[in-house]
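Take a look at the model below. We will go from its strands to its core, then to a pocket and two loops.

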Amino acid sequence: MEEKSLKEQKDSAERAFDLLSLAKEGRDLTVRDDQYDFSVLLDSVKICRQRGSRFRLADSGKLDRFQLEWLGEEGADFYTSDEARADFSELELVNKACNRGRAYVAYFHHGPLELSKEKSRFTFSELQEMGRCGIYLHITNREKPRDLSQLSELAFTCQKGRSWLVYYHHGLLEPSFSELGRNGAWIHVSDQDLPQTENTILFLDQLKAFLAAGVNLVIHLEKGMDLSLFPDVMATGVFVLFKSSLFDYKSPFRILERKAAKRKLDFRTYYLYPGFLP
């Protein structure tokens, strides 16, 4: 048992050294809160801030509110969800600490949008209050249908709090996206749900109408789009993200692929990783 304990301590020390080394290189780091001791996390956050890079802390629920506030004040961005936290007042205090540290809080809501806490850890009014206090809300309809009128309300409160609602939509494009766009929401969709070439003109007109209404639209390319559509879609001005390279090095589309890659999304418009479509 003693030999195993010494080995675990050695492994922990080596991992801590590796993390601190990466922080000193000036890299943006994404770390789960249960992978390192609190003191190592705190030192890494401080180094990242000194080097001008970001430290993203993925919440598992291990750390208490005071530790999170400390990390936030030092500049750690905090990524959490209703699967890790169930106390609105706790999130509000952590968000204030992150504001002081020029960091931010991203919250992913997996549960239903309920008026009471019978089926959800947070009520709809609490989600609205999160937006008002500047927390960035992330919601998907992959497993649960979402009422777009409710999403528009959340987007509106986020806009008032100078944050954003980020919505991951699985399915056909909806006319009510325009309302979400007017309230500052960011909408992510997959090209696998988009119309094929027989509806090309209608589809491109729809994209242009969304952009004219202020919709921030991100299309994730997953080999669902007809390649002949690609140049026209790029020309509308929507953001296009590639899961992997779709073209070989000789393809004329590689120029457009590189052009799309140059348009960098604000890190607050996605949850931890830009190519992830939850």
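Two strands pair if DSSP finds at least two bridges between them. With that in mind, start at strand β5, residues 136-140, in this predicted model. β5 pairs with strand β6 (residues 165-169) in the parallel sense, over four bridges. One anchor point for the eye is Thr140, whose bridge partner in β6 is Tyr168.

Now turn to the other pairing. Strand β4, residues 105-109, also runs parallel to β5, and four bridges link the two. Here Tyr107 has Leu137 of β5 as its bridge partner.

Follow the chain between these strands. From β4 it passes through helix α5 (residues 124-132) to reach β5, in a right-handed β-α-β crossover. The next unit is built from β5, helix α6 (residues 148-160) and β6, and it is right-handed too.

How many of the five residues of β5 are buried? Five of the five are, so the strand is largely enclosed by the rest of the structure. Buried here means under 20% relative accessible area. Both faces are covered. Tyr136, His138 and Thr140 lie on one side, Leu137 and Ile139 on the other.

Next, the packing. In soluble globular proteins, nonpolar side chains tend to be buried together. In this model the largest nonpolar core has 66 residues. Helix α2, residues 38-51, gives the most to this core, with seven residues. Leu180 and Val233 have the most contacts inside the core. Leaving aside residues up to four places away in sequence, Leu180 touches Leu148, Leu151, Ser152, Ala155, Leu165, Tyr167, Ala185 and Ile187. Another core, of 17 residues, lies apart from the largest one. Leu241, Tyr271, Leu272 and Leu277 are among its members.

Tyr271 also leads to the largest pocket. The volume of this pocket is about 410 Å³. Its lining has 21 residues. Ser81, Glu83, Phe108, His110 and Tyr271 lie nearest its centre. Strand β3 (residues 76-81) supplies the largest share of the lining, three residues.

Finish in the loops. Arg102 sits between α4 (88-100) and β4. Its phi is positive, about 55°, although Arg102 is not a glycine. Arg162 occupies the loop between α6 and β6. Arg162 is not a glycine either, yet has a positive phi of about 65°. Are these two residues buried or exposed? Arg102 is exposed, with a relative accessible area of 60%. Arg162 is exposed as well, at 76%.

Note on methods
Residues are numbered from 1 along each chain as its sequence is written. This is a predicted model: local features need pLDDT of at least 70, side-chain atom pairs count only at pLDDT 80 or more; totals for chains, interfaces and linings use all residues. Side-chain values use heavy atoms; hydrogens and water are left out. A nonpolar core is a set of buried Ala, Val, Leu, Ile, Met, Phe, Trp, Tyr and Cys residues joined through side-chain atoms within 4.5 Å. Buried means under 20% relative accessible area, exposed over 50%, partly exposed in between (1.4 Å probe, protein chains only). Contact means heavy atoms within 4.5 Å. A crossover is right-handed if, with the strands pointing away from the viewer, the path from the first strand over the helix to the second runs clockwise. On a 1 Å grid over the protein atoms alone, a cavity is a set of points where a 1.4 Å probe fits but cannot get out, and a pocket is an open set with protein on both sides within 12 Å along at least five of seven lines; lining residues have an atom within 4 Å of a point. Grid points are joined across faces, edges and corners, and a volume is the space filled by probe spheres set on the points.
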